[in-house]
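Hello,

Here is the structure I promised to pass on to you. Have a look at it first, and my notes follow below.

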Amino acid sequence: MKNDAATPEMQNPDVVILEDGGGENPPVSGTDITCSEAVQLTNALPDSGTSAETYTITGYITQILGAVSTKTGTPQQSFWMSDDKGGENQFMKVKITGKLKKYMKNGAATPEMQNPDVVILEDGGSVTPTPTPGGDAEHITIAEFLQKADANTVYELTGTVRNISNTTYGNFDLVEGDASIYIYGLLNLNGEKQKFASIGIEEGDIVTLTGKYKLFNNKPEIVDAQLVSFTKGEGGDTPQPPTPGPGGDPVSELVNGDFESWDNASQPTGWKPASTAGNATLSQSTDARNGSFACKVASGGTGNKRLATQELTLSAGSYTFSFYAKTATAEFAQTKGGHVPVTNGSVGAYKYTKNFTDLNNTEWTYVSYDFELTEETTLCLLIMNPKDNTNPVYTAQDILIDDATLVKK
């Protein structure tokens with residue numbers, strides 16, 4: 001009641017827009033493309049370039065990246081999209097419109113559409129990520145966080161990972177300048193404990209997380225911090241060389257080891273030999289250890305299948321070829337690394353590690369292969385997905401490969 005007049009109203013209702021009546025700001029429209037086409041168009045852009053044309057992509061949200069961020073002053077949510085449903089119960093169908101951007105970080109390109117117009121076409125239910133305790137978080141420096149010493153408020157912090165003391169729970173120091181806070185356990189993007197090793201965070205990585213202040217034995221810490229995002233290598237946007245496996249100098253001849261660049265949906269750039277070294281059926285997967293994509297290597301059932309690089313010419317010396325792998329299904333699988341010399345387009349004898357590495361689909365497993373070249377050699381590096389075997393008993397499965405590196409010792 002106001003001024004003795006009654007006004008019917010509903011305060012703070014939930015509102016769903018069913019039809020847009022137009023007006024001064026009609027919905028933005030663009031050229032319709034698929035997610036796969038967007039990747040190809042983005043790859044064709046110059047580094048850090050933005051498309052002149054506006055595009056519209058219709059697809060499914062497959063992964064939500066952390067909590068809503070307010071670092072820019074406006075709430076923002078990042079997510080991955082796919083042409084098909086994927087992920088765990090994150091199947092919301094959306095239409096996004098904007099300009100494509102070839103985002104560069106640490107020398108790797110990621111296809112993006114920054115700040116697009118988003119229309120929800122179909123609500124899949126469980127698309128919301130694990131909520132950050134206490135709601136939206138304010139981004140502050142670690143020094144400011146230590147001064148506040150507020151045990152009831154959730155804050156967002158960014159710093160460099162130092163002194164990892166536990167790789168199961170994720171215990172480490174988060175450092176920013178002269179300020180440091182101890183992280184006692186880091187939850188992954190899905191809010192799960194004891195998954196730190198599968199995230200892939202290493203010393204020197206830049207991590208953004210949320211959490212509350214706690215003082216334990218007179219030492220400030222955050223217990224069960226929630227991961228928001230992380231960047232490989234030190235220095236934020238400063239390009240870094242590929243992270244080597246057991247130590248050595250990265251070899252530039254191996255290109256696209258992170259499988260972020262694709263000629264098409266079934267061919268990662270740099271992994272198509274002119275010889276017969278590679279015989280596997282490949283496909284792009286969004287179930288990646290880092291970045292946007294990994295490479296799925298189909299099983300061959302009764303025959304070994306090989307993912308092979310393009311031909312590389314390497315000088316004499318000792319090398320380590322390494323990669324991360326896991327199964328694409330819940331079944332047991334194996335893999336091993338190797339190489340094959342190529343002379344005038346013809347392959348020689350295939351060489352592999354003696355033993356296979358066992359894989360599962362809950363974590364990425366590190367696999368390495370050491371080899372020695374006595375002279376300059378043209379070769380293809382190999383990743384084998386073996387055939388059905390009876391010793392041990394298992395059935396060949398599709399496997400996923402990501403973050404391959406080659407170093408010279």
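A disulfide here is a pair of cysteine sulfur atoms within 2.5 Å. By this rule, the count comes to zero disulfides. Two cysteines are still worth a look: Cys295 is buried, at 0% relative accessibility, and Cys380 is buried too, with a relative accessible area of 0% (buried means under 20% relative accessible area, with a 1.4 Å probe and protein chains only).

Please keep in mind that this is a predicted model, where local features need pLDDT of at least 70, side-chain atom pairs count only at pLDDT 80 or more, and totals for chains, interfaces and linings use all residues. Residues are numbered from 1 along each chain as its sequence is written, and side-chain values use heavy atoms, leaving out hydrogens and water.

Now to the packing. A nonpolar core is a set of buried Ala, Val, Leu, Ile, Met, Phe, Trp, Tyr and Cys residues joined through side-chain atoms within 4.5 Å. The largest one has 31 residues, and those touching the most other members are Leu307, Leu314, Phe321, Phe371, Ile401 and Leu406. Strands that give two or more residues to this core include β21 (317–327) and β30 (399–408) (strands are DSSP runs of E, at least two residues, numbered from the N terminus). A second, separate core holds 22 residues, among them Phe145, Tyr155, Val207 and Tyr213.

Happy browsing, and write back any time!

Notes:
Buried < 20%, exposed > 50% of the residue type's maximum accessible area, 1.4 Å probe, protein only. Helix = DSSP H or I, 4+ residues; strand = E, 2+ residues; numbered from the N terminus.
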